[in-house]
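The following exercises are to be worked with the sequence and the coordinates at hand. Each task is followed by a solution in steps.

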Amino acid sequence: MHIPAVIKIGAHEIPVESHSERQHEALGYYDSGYDRISLKGEDHIPESKRAECLLHEIIEAICHKYELSLSDRHRELTTLSEVLFQTVRDSELDFRKPK
């Protein structure tokens with residue numbers, strides 16, 4: 001998966017950065033103070049895990065920006081991101097119009 005440098009959420013551009021294990025223990029996180037997403041950059045992390053993590057952090061950012069109550073319920077948010085990721089990936093969903 002190509003991980004973009006910027007994700008748009010509504011009208012907001014959210015930078016997507018890499019971090020090392022020394023900088024932060026988590027595989028990924030949304031930093032609401034700096035309005036950015038950070039993903040662990042190590043090569044040994046499977047592509048599917050990094051892709052699902054990006055989706056998870058996008059959902060975290062959406063919850064924060066739109067004050068959705070899911071931001072305080074991390075287990076439910078994790079389940080939602082895991083199942084949504086697998087559904088999109090296994091169903092090979094592409095929401096763009098065919099060219």
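**Exercise 1. The helix α1**

Helix α1 comprises 19 residues and reaches 27 Å from its first C-alpha to its last, close to the 27 Å expected at 1.5 Å a residue. The model is a predicted one.

Task. Determine which residues of α1 are buried and what covers them.

Solution.
1. The buried residues of α1 are Arg-50, Ala-51, Glu-52, Cys-53, Leu-54, His-56, Glu-57, Ile-58, Ile-59, Glu-60, Ala-61 and Cys-63.
2. Their cover includes the strands β1 (6–9), β2 (12–19), β3 (28–31) and β4 (36–40), together with α2.
3. Ile-58, located in helix α1, serves as a worked case. Its relative accessible area is 17%, and the cut-off for buried is under 20%, so Ile-58 is buried.
4. With neighbours within four places in sequence left aside, Ile-58 is in contact with Ile-7, Ile-9 and Ile-37.
5. Arg-36 lies 22 residues from Ile-58 along the chain, and the C-alpha atoms of the two are separated by 9.8 Å.

**Exercise 2. The helix α2 and its sides**

Task. Compare the end-to-end distance of α2 with its expected span, and establish where the buried residues of α2 lie around the axis.

Solution.
1. Helix α2 covers residues 74–90, which makes 17 residues; at 1.5 Å a residue these should span 24 Å. The end C-alpha atoms are 24 Å apart, in agreement with that value.
2. Leu-77, Ser-81 and Phe-85 are the buried residues of α2.
3. Because these residues cover an arc of only 60° around the axis, they are on the same side of α2.
4. Arg-75 and Asp-90, on the other side of α2, are exposed.
5. The buried residues of α2 pack against α1 (47–65).

**Exercise 3. The packing of α1 and α2**

Task. Describe the geometry with which α1 and α2 pack, and list the residues that meet.

Solution.
1. The two helices, α1 and α2, pack at an angle of about 125°, and their axes are 9 Å apart.
2. This angle makes α1 oblique to α2.
3. The crossing in which α1 passes α2 is right-handed.
4. From α1, the residues that meet α2 are Glu-47, Ser-48, Lys-49, Ala-51, Glu-52, Leu-55, His-56, Ile-59, Glu-60 and Cys-63.
5. Their counterparts in α2 are His-74, Leu-77, Thr-78, Leu-80, Ser-81, Glu-82, Leu-84, Phe-85 and Arg-89.

**Exercise 4. Residues with positive phi**

Task. Locate the residues Glu-67, Asp-35 and Glu-92, and state the phi of each.

Solution.
1. As background, most residues other than glycine have a negative phi.
2. Glu-67 follows α1, and its phi is positive, near 50°.
3. Asp-35 is placed in the loop between β3 and β4. Its phi is near 50°, a positive value in a residue other than glycine.
4. Glu-92 belongs to the segment after α2, and its phi is positive, near 50°.
5. Is Glu-92 buried or exposed? Its relative accessible area is 70%; the cut-off for exposed is over 50%, so Glu-92 is exposed.

**Exercise 5. A loop residue, Glu-21**

Task. Classify the accessibility of Glu-21 and identify its contacts.

Solution.
1. Glu-21 is found in the loop between β2 and β3.
2. Its relative accessibility is 49%, and therefore Glu-21 counts as partly exposed.
3. Apart from neighbours within four places in sequence, Glu-21 is in contact with Lys-40 and Glu-42.
4. Leu-93 is 72 residues from Glu-21 in sequence, and the distance between them in space is 32 Å, C-alpha to C-alpha.

Notes. Residues numbered from 1 in each chain as written. Predicted model: local features only at pLDDT ≥ 70, side-chain atom pairs only at ≥ 80, totals over all residues. Heavy atoms only, no water. Helix = DSSP H or I, 4+ residues; strand = E, 2+ residues; numbered from the N terminus. Expected span 1.5 Å × (residues − 1). Buried < 20%, exposed > 50% of the residue type's maximum accessible area, 1.4 Å probe, protein only. Arc of directions from axis to C-beta. Contact = heavy atoms within 4.5 Å. Axes fitted to C-alpha atoms, helices over the stretch in contact; angles between N-to-C directions. Parallel < 35°, antiparallel > 145°, perpendicular 65-115°, else oblique. Left-handed = near helix turned anticlockwise from the far one by under 90°.
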